[in-house]
Amino acid sequence: MRLPDIGTLLPIVEWLREYEPGWLRADLVAGLTVGAAVVPEGMAYAALAGLPLETGLYASLAAVTAYLVVGTSKQVIVGPTSALAVLLATQVGAVATGGAAYVTLVGVTTLLVGAIAFVAWLFRLGFVMNFISESVLTGFSAGAALFIISTQLPTLLGLDSASGQFYERIWFVLNSLAAIQPLTAAVGVGTVLLLLAGERYAPRLPSALIVVALAIALVTVTGIEEQGVTVVGAVPSGLPVLAVPTTTLSTVVQLLPVALALFILSYVEGMAAVETFAQRHKYRADPDQELLATGLTNTLSGLAQGFVVGGSMSRSALNDAVGGRTQAINAIVAVVLIVVLVFLTGLLSALPEATLAGVVIVAVTKLVDVAELRRLWRVDRGEFLTAAVALTSVLVVGLLYGVFVGVVISALVVLGRATYPHTAELGRDTTGGEFTDIDRHPADERVPGVLVYRVDAELFFANAPTVRHDLLERLDERDEQVRLVVFDMRSSPTIDLTAADMFADLHERLAHRGIDLRLAEADGAVRDVLALSASAHPLCETPVNEGVATTIESWQRSQEQ
């Protein structure tokens with residue numbers, strides 16, 4: 001297995017060599033702005049994961065440091081995300097037996113995610129993620145957002161914590177409205193309103209950091225902590241110490257399913273952001289290199305007492321909006337995090353938990369892409385149904401199984417489209433003589449006694465039986481006697497052995513009905529498989545790339561002789 005060259009393996013070598021001094025100012029402004037957003041969101045996602053707040057800063061620092069070296073995207077910011085945090089909390093927490101055990105298991109799980117990503121990178125499996133459809137991601141993201149909001153509502157309103165699936169948590173909140181703590185709810189709802197106002201009227205300002213600072217000042221000045229508003233308490237200062245968390249082999253086996261789900265979610269989230277900004281700025285994304293980035297960012301996060309990280313669409317969009325030019329932004333964000341960890345953690349002890357819940361809620365609302373759901377409904381109801389199933393699965397069975405349901409749905413969609421490809425009967429265009437889909441062009445004319453048929457897909461074992469059935473069914477539906485079937489191969493440039501055998505079987509069945517079968521537009525690759533599939537395949541003498549019209553004319557001449 002040949003490894004990539006150093007420039008591909010470590011993109012920092014290439015982009016540093018090409019870095020222009022004029023880019024530094026834009027990267028500095030973007031890095032400071034993004035760093036100001038990373039600090040409160042990192043802490044909020046740590047709280048969402050049920051971890052100490054500093055672990056969110058550790059994870060963010062590890063992620064941007066690793067991505068600085070191996071990342072391919074100039075805009076994407078890697079770090080904790082809401083979906084990854086809540087999946088950790090709901091699944092790893094079930095394995096843990098205590099607080100210390102939970103923190104250790106999170107570290108082990110994060111290292112497992114890194115290891116899975118490294119294995120996927122070694123085998124260059126980046127292409128596999130292409131089979132997870134956009135509609136599934138749209139539905140899953142919306143479902144994850146609603147689920148996460150349901151986990152934060154009790155903290156936002158000053159209620160006891162709730163457990164269970166989405167509907168159970170919502171039911172708990174509705175049944176507990178009388179127990180809402182007014183001051184806590186005011187802080188939480190006020191946080192949400194201020195953040196939404198900031199996003200609407202000052203989108204380039206670090207609204208989350210400003211609101212966090214205001215909340216800390218409010219608690220410090222008014223002392224509302226003594227009136228029941230819960231604050232986060234002391235946050236340790238200093239940089240993380242690298243260490244390998246230890247556990248038993250049986251626990252590792254228990255954690256593998258959730259680690260696999262977290263890997264899928266981390267990589268898919270990241271690649272969605274990478275592809276978005278690569279297309280917007282006209283550069284090439286490398287799915288396999290991003291597997292390496294997923295592996296290194298999570299490995300370093302696990303060693304640095306952090307938790308699972310992935311590409312953040314919201315922070316990446318902020319970076320792009322304020323003019324970030326290169327991966328150097330990650331270095332500036334890392335410096336911001338180091339300054340906060342070393343000098344400023346003492347200020348965070350008065351931060352209300354309701355404020356963190358508000359930060360999470362506003363952040364995840366961006367995951368509900370109403371415009372995209374409307375577009376799916378308008379363009380393709382099947383894709384909308386796929387998104388709806390993915391969304392519903394998250395709300396009913398939770399994030400872990402929701403990930404796997406999404407993967408299964410994507411696989412079934414691919415298999416369904418491969419097994420049941422679009423097929424068409426063709427008619428002759430009266431103006432140009434071309435053969436086109438007669439359903440789309442009703443004015444096209446059928447050639448008397450001839451059925452021209454096309455499959456808009458490669459022919460292989462999965463769809464050969466359905467193609468044969470569809471063709472025979474179309475023959476049975478024709479009012480007139482068909483004497484020739486022309487199979488147009490323009491959209492089927494390759495076939496496999498099963499498809500070759502299908503053609504031999506079709507030839508025999510049609511011959512019993514007194515119908516001839518011929519292939520048109522067959523290239524050399526198709527002829528090679530036909531010739532190799534049987535010593536005397538009835539269609540192996542098919543002319544290369546002979547058009548439909550020529551094939552019909554040749555058959556007509558043979559009938560006249």
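**Exercise 1: Getting your bearings**

How many helices and strands does the protein have? Describe its overall build too.

*Solution.* Keep in mind that you're looking at a predicted model.
- Step 1: Count the elements. You should get 22 helices and seven strands.
- Step 2: Look at the extent. Along the principal axes, the C-alpha trace spans about 105 × 60 × 50 Å.
- Step 3: Check burial. The protein has 561 residues, and 52% of them count as buried.
- Step 4: Look at who touches whom. Take the contacts between residues at least 6 apart in sequence: 80% of these join residues at least 24 apart.

**Exercise 2: Rings meeting rings**

Work out why the pair W377 and F384 is classed as edge-to-face.

*Solution.*
- Step 1: Recall what you need. A pair of aromatic rings is described by the distance of the centres and the angle of the planes.
- Step 2: Get the distance. The ring centres of W377 and F384 are 5.0 Å apart, and rings pair if their centres lie within 6.5 Å.
- Step 3: Get the angle. The planes of W377 and F384 stand at 80 degrees, so this pair is edge-to-face; the cut-off is over 60.
- Step 4: Check the surroundings. W377 is partly exposed, with a relative accessible area of 45%, and F384 is partly exposed too, at 25%.
- Step 5: Zoom out. The structure holds seven aromatic pairs, and ring pairs also link W15, Y19 and W23 into a cluster.

**Exercise 3: Charges over rings**

Which ring does the charged end of R381 sit over? Then find the ring under K74.

*Solution.*
- Step 1: Start from R381. Its charged end sits over the ring of W377, 3.7 Å from the centre. You met W377 in the pair with F384.
- Step 2: Move to K74. Here the ring belongs to Y283, and the charged end is 5.1 Å from the ring centre.

**Exercise 4: Into the core**

Find which residues touch the most other members of the largest nonpolar core.

*Solution.*
- Step 1: Remember the background: in soluble globular proteins, nonpolar side chains tend to be buried together.
- Step 2: Pick out the best-connected members. Among the 125 residues of this core, they are L87 and F263.
- Step 3: Ask where the core residues come from. Helix α11 (residues 249-281) gives the largest share, 15 residues.
- Step 4: List partners of F263, skipping neighbours within four places in sequence. You'll find V113, I116, A117, A120, M129, L291 and T294.
- Step 5: Don't stop there. A second, separate core has 29 residues, including A464, V485, I495 and V526.

**Exercise 5: An enclosed space**

Describe the largest cavity and its lining.

*Solution.*
- Step 1: Count. There is one cavity of 30 Å³ or more.
- Step 2: Size it up. The largest cavity holds about 110 Å³ of space.
- Step 3: Name the lining. It takes 16 residues, and V78, G270, E290, T294 and G311 lie nearest the centre.
- Step 4: Match the elements. Those giving two or more residues to the lining are α11, α12 (287-303) and β2 (310-312).

**Exercise 6: Two residues in strand β3**

Is G427 buried or exposed? Do the classification for R428 as well.

*Solution.*
- Step 1: Locate them. G427 is found in strand β3 (residues 423-428), and R428 lies in β3 as well.
- Step 2: Classify G427. Its relative accessible area is 0%, so G427 is buried.
- Step 3: Classify R428. At 28% relative accessibility, R428 counts as partly exposed.
- Step 4: Look at contacts beyond four places in sequence. G427 meets E434, F435, T436, I438, D444 and E445, while R428 touches G433, E434, F435, D444, E445, V447 and A549.

Notes
Residues numbered from 1 in each chain as written. Predicted model: local features only at pLDDT ≥ 70, side-chain atom pairs only at ≥ 80, totals over all residues. Heavy atoms only, no water. Phe/Tyr/Trp six-rings, centres within 6.5 Å; stacked < 30°, edge-to-face > 60°. Buried < 20%, exposed > 50% of the residue type's maximum accessible area, 1.4 Å probe, protein only. Lys NZ or Arg CZ within 6 Å of the ring centre and 35° of its normal. Core = buried A, V, L, I, M, F, W, Y, C linked by side-chain atoms within 4.5 Å. Helix = DSSP H or I, 4+ residues; strand = E, 2+ residues; numbered from the N terminus. Contact = heavy atoms within 4.5 Å. 1 Å grid on protein atoms, 1.4 Å probe; cavity = no way out; pocket = protein on both sides within 12 Å on 5 of 7 lines; lining within 4 Å. Points joined across faces, edges and corners; volume = space filled by probe spheres on them.
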